[in-house]
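Got your viewer open and a selection box ready? Let's take a walk through this one, stop by stop.

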There are 2 protein chains.
Amino acid sequence: MQTPHTIHDLDTPVPLVDVERMHGNLRRVSEYCRAHGLAWRPHAKTHKSPALAAEQMRAGAVGITVATPREAEVMAQAVDDLLLAYPPIGQARLRRLMALPRRVRLTVGLDSAEALGGLAAAAREAGRRVGVLVEVDAGMGRVGVQTAADAVALARAAADEEGIDYRGVMFYPGHVRDRVERQEDAIRALSERIGVVLEALAEAGLKPEVVSGGSTPTFWRSHEIAGLTEVRPGTSIFNDRTTAEIGACGWDENAYSVLATVVSVAVPGQAVVDAGSKALSKEEIRADTVGYGALLDRPEIVVKSVSEEHGLLDLSRTGWRPKIGERVRIVPNHVCVSVNLHERLYGVRGDDIVEVWDVEARGR
Amino acid sequence: MQTPHTIHDLDTPVPLVDVERMHGNLRRVSEYCRAHGLAWRPHAKTHKSPALAAEQMRAGAVGITVATPREAEVMAQAVDDLLLAYPPIGQARLRRLMALPRRVRLTVGLDSAEALGGLAAAAREAGRRVGVLVEVDAGMGRVGVQTAADAVALARAAADEEGIDYRGVMFYPGHVRDRVERQEDAIRALSERIGVVLEALAEAGLKPEVVSGGSTPTFWRSHEIAGLTEVRPGTSIFNDRTTAEIGACGWDENAYSVLATVVSVAVPGQAVVDAGSKALSKEEIRADTVGYGALLDRPEIVVKSVSEEHGLLDLSRTGWRPKIGERVRIVPNHVCVSVNLHERLYGVRGDDIVEVWDVEARGR
């Protein structure tokens with residue numbers, strides 16, 4: 001393929017990033033963090049690109065969060081301070097972590113003595129120090145120690161392990177998905193739950209230097225969580241349909257969309273585009289609406305269903321009738337899993353392509 | 001990475017293919033087709049590997065079905081007879097199709113005069129002949145002409161177009177997802193709907209040489225569809241949780257699984273593995289059950305929820321308590337979208353790796 005100059009040179013389906021909007025998103029997040037004295041450590045799972053991690057560092061991030069060894073390896077190209085927010089289980093994973101460049105200050109979140117023991121042994125063998133955050137379950141019920149006593153025990157074990165620097169605690173409030181204005185009770189419950197842990201740690205002489213939390217849905221209420229020092233939003237660089245639906249961004253703060261072509265209008269009341277579950281993903285929306293995406297320029301038009309290479313636009317509530325060959329931009333429900341389906345992202349200003357980023361950290 | 005010899009050398013999450021079971025699946029499908037006089041043209045979207053397409057050809061396939069230009073290009077390495085079961089809209093897509101090797105006998109399914117006109121112009125310009133199947137909506141409501149009259153009109157237009165060989169009709173019964181033993185009424189309705197079209201075409205002197213249909217869920221009832229000459233199952237090479245749940249395969253005919261590691265058991269009643277929506281996909285199951293996958297060796301244990309890098313095994317109905325670091329094999333709901341998340345598939349006999357296939361046709 002020749003170097004594409006505009007989006008008209010691209011085959012569809014293909015992901016576009018509105019560069020202006022992306023920079024606006026980074027700026028707003030960075031300013032909020034500065035205003036509230038929070039360290040900003042964005043999660044690279046959303047973009048999986050070291051160049052975009054570097055943009056986040058330039059915009060004021062203190063470091064980057066990753067989930068997989070591959071993300072750690074790729075982000076280490078651009079960033080010297082990484083948090084692996086994932087239990088480092090298994091020799092293969094530990095070997096890869098220890099092989100990261102020495103200049104990388106590495107911190108790992110974990111929730112078990114087994115994970116801590118394995119990490120400490122690997123750190124000693126590699127002759128490098130690794131920071132540890134004790135992961136606390138803040139109500140999501142996914143990972144994390146369940147009680148303040150367990151948090152204290154694991155923090156003490158970390159503080160006592162040779163090769164390990166105990167740095168604090170982390171949690172992920174992934175269970176809070178209400179609209180932002182309805183999150184008050186959930187944030188208060190979360191704050192109390194974390195508060196009990198922080199108090200117990202302080203009493204035990206294990207006061208955390210880092211209290212890392214924050215997600216994109218709860219992002220703008222992070223300052224209401226007592227004791228929080230750091231936030232790790234991923235999605236907020238691009239936003240997505242879910243983020244807009246719950247009120248954590250405006251629709252016109254959606255920087256990411258998938259460019260698609262109308263390929264069939266044979267069935268009345270709908271138009272079929274070439275972006276399906278292998279371009280948008282088929283992840284149901286966790287908000288008060290339906291479908292798998294919506295048009296960037298006509299958000300009332302929803303992708304009502306998808307199969308692998310087909311997306312069905314619901315035209316029942318619009319007079320707009322696209323022609324075969326017409327192109328549309330679709331905002332997916334969940335941007336992180338859509339990005340992960342593509343090899344590269346095209347940064348655009350209007351229809352002009354001004355940047356190309358490889359989604360380098362996808363895969364394993 | 002050194003060449004892995006056994007699955008114990010692999011980082012997780014990683015997709016495995018039980019080679020014995022896969023060959024059994026291919027053999028059963030091939031024998032059914034031979035017994036019922038049906039041409040077998042498997043869909044490559046499931047495996048996206050030219051080596052596996054070649055296996056299908058050796059097992060008796062007449063050619064391969066593809067959906068994207070990339071799939072066509074990659075499969076053309078191994079196969080001389082391709083059906084693009086997707087409307088070829090847009091100059092970029094047409095250029096890539098026309099650039100396929102001359103030895104490839106190409107047929108395209110389409111449902112509009114626009115698609116036909118574009119394809120015919122491209123074929124004439126390239127100086128090659130292209131076959132056409134008229135896509136008929138058999139009740140799914142996705143793509144396909146809606147009436148027998150429309151089918152006749154498009155078939156006639158195809159027959160009249162210079163550069164085009166009108167070959168027949170195709171349909172995809174993706175709406176039939178009942179358990180196999182409860183599909184009788186749906187298959188009868190489908191058969192009648194297609195029958196009306198076939199009759200109208202015959203009356204118009206446009207009797208189709210090819211009547212192409214068939215999906216994995218309806219596969220074993222394909223012989224009940226009057227006039228059918230060809231079937232295009234994708235999933236049946238590997239099968240998956242949905243296919244087993246609807247009775248279109250036995251659980252022990254599942255050839256594909258994702259090997260995953262238990263990374264946390266902090267929350268009671270569950271174990272967390274490192275296969276989430278970026279390894280299994282987060283596609284809800286269309287069958288009488290819940291969750292995003294189940295353990296190959298313990299199908300009663302279900303992946304009750306997933307986030308990007310986490311899968312939560314529901315341990316509420318089992319006494320089994322896995323340890324951190326233990327590995328499990330997970331059968332996903334929908335194999336095609338899981339394969340598409342990985343770079344390569346490891347063919348195994350027991351724990352030994354005997355083949356490695358690149359998922360070469362993923363991406364665009």
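What rotation, and how much shift along its axis, superposes chain B on chain A? A rotation of 180° does it, with 0.0 Å of shift along the axis and an RMSD of 0.0 Å. That is the relation of a two-fold axis. To find the axis from the chain B side, select Glu283(B): its C-alpha is the one in chain B nearest the axis, 3.0 Å from it. Both copies use the same surface, and 100% of the contact residues of chain B recur in chain A.

Before zooming in, keep in mind that this is a predicted model. Colour by confidence and start with chain A, where the mean pLDDT is 97 and 99% of the residues reach 70 or more. For the complex, the predictor reports an ipTM of 0.97 and a pTM of 0.97. As a reading habit, don't interpret predicted coordinates in detail where pLDDT is low.

**Stop 1: across to the other chain**

Select Glu308(A). You'll land in the loop between strand 13 (303–307) and strand 14 (310–314) of chain A. Is Glu308(A) buried or exposed? With 8% relative accessibility, under the 20% cut-off, Glu308(A) counts as buried.

Now show side chains around Glu308(A). Its side chain makes a polar contact with the side chain of His334(B), at 3.2 Å. Expand the selection to contacts, skipping neighbours within four places in sequence, and you pick up Gly276(A), Ser277(A) and Lys278(A) from chain A, plus Lys45(B), His334(B), Cys336(B) and Val337(B) from chain B.

**Stop 2: the sheet in chain B**

Switch to cartoon and isolate chain B. In what order do the eight strands of the open sheet run? Follow them as 2-9-8-7-6-5-4-3, with parallel pairing. At the edges stand strand 2 (39–40) and strand 3 (64–66) of chain B; each has a single partner strand, so one side of each is left without a neighbour in the sheet.

For a look inside the sheet, select residues 105–110 and 130–135 of chain B. These are strand 5 and strand 6, running parallel and joined by four bridges. One spot to label is Thr107(B), which stands opposite Gly131(B) in strand 6 of chain B.

**Stop 3: Glu230 and Arg41 in chain A**

Hop back to chain A and select Glu230(A), found in strand 9 (residues 230–231). Glu230(A) is buried, with a relative accessible area of 5%. Which side chain does the side chain of Glu230(A) make a polar contact with? It is that of Ser212(A), at 2.8 Å. Among the contacts of Glu230(A) beyond four places in sequence are Leu38(A), Ala39(A), Leu83(A), Val210(A) and Arg41(A).

Take that last one as your next selection. The side chain of Arg41(A) meets that of Asp81(A) in a salt bridge, 2.9 Å from N to O. Arg41(A) sits in the loop between strand 2 (39–40) and helix 2 (50–58) of chain A, while Asp81(A) is in strand 4 (residues 81–84), so the pair ties together parts that are 40 residues apart in sequence. Both ends are buried: Arg41(A) has a relative accessible area of 6%, and Asp81(A) has 13%.

**Stop 4: salt bridges along helices**

How many salt bridges does a search of the whole structure find over all chains? The count is 53. Here are two from chain B to pull up.

Select Arg58(B) and Glu55(B) first. They form a salt bridge whose closest N and O atoms are 3.6 Å apart. The two are three residues apart in helix 2 (residues 50–58) of chain B, so about one helical turn separates them. Arg58(B) is exposed, with a relative accessible area of 61%, whereas Glu55(B) counts as buried at 16%.

Next, go to helix 7 (residues 184–203) of chain B, where Asp185(B) and Arg188(B) lie three residues apart, about one turn of the helix. Their salt bridge has its closest N and O atoms 3.4 Å apart. Asp185(B) counts as exposed at 54% relative accessibility, and Arg188(B) as partly exposed at 42%. For the last selection, turn to chain A: there, salt bridges that share partners join Glu184(A), Asp185(A), Arg188(A), Arg221(A) and Glu224(A) into one network.

Key:
Residues numbered from 1 in each chain as written. Chains lettered and ligands numbered in written order. Predicted model: local features only at pLDDT ≥ 70, side-chain atom pairs only at ≥ 80, totals over all residues. Heavy atoms only, no water. Buried < 20%, exposed > 50% of the residue type's maximum accessible area, 1.4 Å probe, protein only. Polar contact = N/O pair within 3.5 Å; in protein donor to acceptor, adjacent residues only side chain to side chain. Contact = heavy atoms within 4.5 Å. Least-squares fit on C-alpha atoms with pLDDT ≥ 70 in both. pLDDT = per-residue confidence, 0-100. Pairing = 2+ DSSP bridges. Salt bridge = Lys/Arg side-chain N within 4 Å of Asp/Glu carboxyl O.
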